[in-house]
Amino acid sequence: MSSIAGNPDTHSHDHHDHGHAPTGLARWLFTTNHKDIGTLYLIFSLIMFFIGGAMAMVIRAELFMPGLQLVEPDFFNQMTTMHALIMVFGAVMPAWVGFANWMIPMMVGAPDMALPRMNNWSFWILPFAFTMLLSTLFMDSGGPAAGWTLYPPLSLQTGDSFAFVVFAVHMMGISSIMGSINIIATIMNMRAPDMTLMRMPLFVWTWLITAYLLIAVMPVLAGAVTMLLTDHFFATSFFNAAGGGDPVMFQHIFWFFGHPEVYIMILPAFGVVSQIIPTFSRKPLFGYNAMVYATASIAFLSFIVWAHHMFTVGMPLQGELFFMYATMLIAVPTGVKVFNWVSTMWKGAMTFETPMLFAIGFVVLFTIGGLSGLMLAIAAADLQYHDTYFVVAHFHYVLVPGAVFALMAGAYYWLPKWTGNMYSEKWGKIHFWLSTIFVNVLFFPQHYLGLAGMPRRIPDYSPQFADFNMWSSIGGFAFGVTQLIFVGVIIHCVRGSKAKATDQVWEGARGLEWTVPSPAPHHTFDTPPVLDHATWEHGNRESH
Amino acid sequence: MNKENSFIVAIAVLAAMCAAFWLLLAAPALTGNEINMPVGVTPQSVTHYELHMIILWICVVIGILVFTAMFTSIILHRKSRGQEPATFSHSTKAEIAWTVIPVLILVAMAVPATKALVVMEDPSGADMTVKITGYQWKWKYEYIDEDIEFVSSLKAESNAARQLNSGIDPTSVDNYLLDVDKPLVLPVGKKVKFLITADDVLHAWWVPDFGWKRDAIPGYINESWTIIEQPGTYRGQCAELCGKDHGFMPVVVVALPEDEYRQWVSEQRGEAIVAAAASEREWTLPELMEKGEQVYASQCATCHQADGQGLPPAFPALAGSAIATGSLKEHLEVVLKGREGTAMQAFEDTLTPSDIAAAVTYTRNAFGNETGDLVQPATIADATKG
């Protein structure tokens, strides 16, 4: 082992270009180091998580009881729109890129990302993109209020701030595409000599597939919003029926992007959970190959199910049937994943540290979101579910106790490696239990509201919906406050924790990242590590 | 731990899972909210309810089985019980089983789901047709063959109560947000075909008791149908985000027995004759101002505000505005034809000439706009004909 990791710390001091490394702000501004950039991404996404969360608090406060008490309906619509844009593009996606930056080079045994300067640029675009997006809230014409899907013709009624929204989306897209190119280049070219594709950790696999999805669909979104831009400001009629255009075409284009996009947010979550469950079960991942193939199948299917978001637009029967069958099929590879996680736990020797708790929470609650997704796939029943709170409950289950719980799990899992300190297990567990209780109080009642007929995106409602909205709001406020514990745990771990982490950190941990010291030195794997698969891997033992 | 004890743990977990799911499904009823998808009153709504319940039960059973396996493992296979980890990492038999069995379940589910969709998409053989047009933020209903058309928007009581800090308790308003000034009236037991479109942005027409919603899209005419099997009043809402008052454009349908429906139709014709006569006679300024104030409150005030100050810049003020105090011709042009790319719609499509004349006269003489201009309904009628 010492031959693998050596002591990279000593290497870095005499490394040729680090005698004059900048410090302070310049270090972060000009950094090309994957760990620094990973940290920037993670801090940025956490800030966005709280900004987007504050908007959710405004929404839940207005919906606390019937009648309008706090905000005008137009501002309410700006909040729902911005909440989604910020959470999707500002919180969840950059957080996964942050994990990719930190972990992929260490997991494949590479010294850094393949394209370090581009890495810097792909991060530093984001603060400007989101400053521009958020600034629209302070403009005369207000922020975008047509929903994050930006459906025309309504989105074309946005005032001049619309141009800022479109350019912000373009910048986010450029950032994502550059990040993806970097990840693909790193994984394809910089793996340790013995690390074949089918020996890669699952997190690396899921990110590789995610990166291809991003490159495939971000340009589609860019095209769609550019057409909106020219319709709005240059009198084209791509989506204007009166000028020969087609408002439904936008929806097809948007969801051709939008459906793969939801898998972009969840596939890396599958990867993280597939790292954590074997570690704390002290047992190899069950069905490694099946996990890889299932991820690839889900990614492929994600391109041919987009119109299940559009069952009410009046598609021909044949189209509705195709998209219904294709959507139902996704349940199969997704089911394989859930069964494999449970089988990994089966007959293991489990312990329940915070990362494992969040991973188990993920499996249970993501499965609930997956099952409601199966219900939504039934096109005829969807004519009732569509655009109600049932849909809101569904996608929040897969995104909050889904993607966000996996992010929390990953953060607790790797925090000791990043900082060299153990976080407070007690406060981590308190964070988990409060989050789990309140996320369900927040979102489960929304299923009932949707079935009872409450449409989504409304600022006020009939009193018959009052009880469950009040529950949901209480859960929302409590869930929001609970996340402050997470910040506290991180700050304590980074600055104050006295418990030092070992190199391996977790007894059952396997993988190259656990062979380097904690905290991981600024530069790791200056020379490629020799892979000792029996010791360092979780899965795919039979293929060696 | 021996096999027998493990079995007991598994049974106990299964029982706990069943109890947990029962609690989740029964929670609405236990808290006094009878909440599930409505069975409804049309052939589609009954079918869609049944589909919903089948797929829900499939999901519940799958959920119980998966979570039972998982929590049994969590209880039994923990390090603190001295468990030694097993080393197996795959099982081809198990993996084939849990790929094939879900496929079979899905195929079985696809059969009723397909049948329901085939029925839903067949509007042929209709007894009557109603065209529905969505506007920001109201619905227009046209009875094809009957020469009846009218606009249906949020009832005044709800509209007053829903203003920010109105001070009116929503629970004191009957059918708060789910009531309209003039409901769609349909006969029971007839196959009604709907032609659904929109004039400005997307909307979606939805009555949960009918079992479906359908988008209203500018430039498209979507078809749908219903057969209402029981007389009654059925309430729903716009289901596609359509701007600031998306939450305030309800759908109300009153289903009447055939004979009462015919009677309602003949009353409508009488009202149409009265309205036509109103367009032809000369009106005085006080008459126009009185009617104009009502029309303004129901049609214009949501954007331009009751005091004419608007919500600039999206919704400009009318008090002292260049349009409302300037050339009458331009003013009429905007009101009749609308402004593309904004929420200002072509009111010639939804209001009668006397309504428009009254509203224009009102805005030219209220909020300090003392132009003294008076617009006769006949002028509007001529303008819209031309």
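The questions and answers below concern chains A and B of a predicted model.

Reader: How many helices and strands does the secondary structure of chain A have?
Author: Strands are absent from chain A. Its secondary structure comes to 18 helices and 0 strands.

Reader: What radius of gyration does chain A have, and does it agree or disagree with a compact globule?
Author: Chain A has 544 residues, and a compact globule of that length would have a radius of gyration near 24 Å. Its C-alpha atoms fill a box of roughly 70 × 50 × 45 Å along the principal axes. The computed radius agrees with the globule value, at 23 Å.

Reader: What share of the residues of chain A count as buried?
Author: A residue counts as buried if 20 or more other C-beta atoms lie within 10 Å of its own C-beta. Among contacts in chain A with a separation of 6 or more, 83% are between residues 24 or more positions apart. Of the 544 residues, the buried share is 62%.

Reader: Where does helix H8 of chain A bend?
Author: H8(A) covers residues 202-233 and has 32 residues. From first C-alpha to last it reaches 46 Å, close to the 46 Å expected at 1.5 Å a residue. Even so, the helix bends by about 25°, with Pro219(A) following within four residues of the bend. The bend is at Val217(A).

Reader: Which residue just after H8(A) takes a positive phi?
Author: The residue in question follows the end of H8(A). Its phi is about 60°, and the residue is Ala235(A).

Reader: Is chain B more spread out than a compact globule, or less?
Author: Chain B has 10 helices and 10 strands. For its 386 residues the globule rule gives 21 Å, but the radius of gyration is 29 Å, so chain B is not as the rule would have it. Its C-alpha trace spans about 95 × 50 × 40 Å along the principal axes. Compared with a compact globule, chain B is more spread out.

Reader: What share of the residues of chain B count as buried?
Author: Of the contacts in chain B with a separation of 6 or more, 67% join residues 24 or more positions apart. The buried share of its 386 residues is 40%.

Reader: Which strands are the edge strands of the open sheet in chain B?
Author: The open sheet has 5 strands in the order E3-E2-E1-E5-E8, with mixed pairing. An edge strand here pairs on one side only. From one strand to the next the twist averages 25°. The edge strands are E3 (148-152) and E8 (222-227) of chain B.

Reader: Which residue in the turn between E2(B) and E3(B) has a positive phi?
Author: E2(B), residues 138-144, runs antiparallel to E3(B), and 5 bridges join the two. Among the partners, Lys140(B) is matched with Val151(B), and Trp139(B) with Ser152(B). The two strands form a hairpin with 3 residues between them. The turn residue with a positive phi, about 80°, is Asp145(B).

Reader: Which residue in E10(B) stands opposite Leu186(B)?
Author: Leu186(B) belongs to strand E4, residues 184-187, and points one way together with Leu184(B), while Val185(B) and Pro187(B) point the other way. All of these residues are buried. E4(B) runs parallel to E10(B), residues 250-256, with 4 bridges joining them. Opposite Leu186(B) stands Ala255(B).

Conventions. Residues numbered from 1 in each chain as written. Chains lettered and ligands numbered in written order. Predicted model: local features only at pLDDT ≥ 70, side-chain atom pairs only at ≥ 80, totals over all residues. Rg over C-alpha atoms; globule rule 2.2 N^0.38 Å. Buried ≥ 20, exposed ≤ 12 C-beta atoms within 10 Å, placed from the backbone. Contact = placed C-beta atoms within 7 Å. Pairing = 2+ DSSP bridges. Axes fitted to C-alpha atoms, helices over the stretch in contact; angles between N-to-C directions. Expected span 1.5 Å × (residues − 1). Bend = angle between axes of the 7 residues up to and from the residue.
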